Amino acid sequence: MSTPKKRFDELSPFKIVHHDWNRPYPVHVEIDPTSRCNQDCLRCSYKQEIDGARDYIIQDQQETIPLERFLSLVDEFAEMGIRAVTLSGGGEPLVYKNVDKVIQALYDKQIKLGIITNLALPINVGLLSQAVWIRVSLDAGSEASYQVLHRPGRKDAFALVLNNIKDLTQANPELDLGVNFLIQPENETELVQAAEQVKALGARYIRYTPAIATDAIDYPSLFDRIRDDLETCKSLIDDDFHVFVVGDRFDSLADKKKSYNFCYKQQIHPLIGADGQVYPCCLLKYYEKHALGSILEKSFKEVWDGVQRQSWLKCLDVDQCPSCWFDRTNEFMEYLLTQNPKHVDFV
């Protein structure tokens, strides 16, 4: 048998098979340390109307989880057996004043760390490079388009991001550092340029995904224009670099009925907002009707086991959910939970 090719499983929807589904608490919790941000992205997802009109824009609230509560939350996670934390936004997680202390606390408790960041600020390379993975929101192949889409407030922001990517990959070649590229009309001609740049800097992958926008982008037409460029990007794939075109995320933008009956993803990967509220998923974050309870008022365990979350679960109707990135994960999980599925021997 020939040696298998190196796998790129970072974004697999099937990772759940490696965990006990009967566990009472999540495997992974995503946290927004702050709603403050160093940028003003043109299509920031938390300014878009994903599940109807927003009650408020979280960045306007300037919310921040207090350091003392954040550190006690890390202790709770360790006691509950929560295995991984992603720092995300909301805002930009690395502008959180005490982010280094929080990151060190997670390392000390041996909780695995991922970070979603724009990386457009001075960073502690030695500390961040110890994370399991970092995903950088780039969305551009040039300073000009970066300025249009990210509106960073500093003229050298794109160059700073690229330099930070290089420093991190050099500090730890084993770091799974990837780049996210939201395909939009303003950057559709820079797909190849961005892929070539980040590969040369040591990134492990680039991921092309759609942008959620209140004023919807015509992705079928856009895809026709970029099809050849995406194929050129895929030609850059080798044992050390991968190109993901997340087709199911484009498919999920279509208005279609769910092919599963329950959301299993929310049980294993909830989120905590900068407002302290626990939310079931990233698409429903910062909608008051989807808040499950506050870690500023209760322990995470109390929120998770509490009446407010149980009431939300009883009312959950997946057909009322917005377009979802995790349809495939939920379809897969529901199939695995099905007793005596048909024709299992006809593999």
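**Three places in a predicted model**

Let me begin at the surface, where Val17, Tyr335, Leu336 and Val344 make a nonpolar patch of about 350 Å²; patches here join nonpolar side chains within 5 Å, from residues with over 30% relative accessible area and no salt bridge, and areas come from the Shrake-Rupley method with a 1.4 Å probe. This is a predicted model, in which local features need pLDDT of at least 70 and side-chain atom pairs count only at pLDDT 80 or more, while totals for chains, interfaces and linings use all residues. Residues are numbered from 1 along each chain as its sequence is written, and side-chain values use heavy atoms, with hydrogens and water left out.

Within that patch, Leu336 belongs to helix α13, residues 327-337 (helices are DSSP runs of H or I with at least four residues, strands runs of E with at least two), and Leu336 is partly exposed at 41% relative accessibility, where buried means under 20%, exposed over 50%, and partly exposed in between.

Turning to Lys301, we find this residue in helix α11, residues 300-305, and partly exposed, with a relative accessible area of 41%. Not counting residues up to four places away in sequence, Lys301 touches Tyr25, Glu76 and Met80, contact being heavy atoms within 4.5 Å.

Finally, Glu190 sits in the loop between β5 (176-183) and α7 (191-200). Glu190 is buried yet has no salt bridge, and the nearest side chain of opposite charge, Arg43, is 12 Å away; a salt bridge would need a side-chain nitrogen of Lys or Arg within 4 Å of a carboxyl oxygen of Asp or Glu, and Lys and Arg count as positive, Asp and Glu as negative, with His and the chain ends not counted.

Definitions and conventions:
Buried < 20%, exposed > 50% of the residue type's maximum accessible area, 1.4 Å probe, protein only. Patch = residues over 30% accessible without salt bridge, like charges linked within 9 Å, V, L, I, M, F, W, Y side chains within 5 Å.
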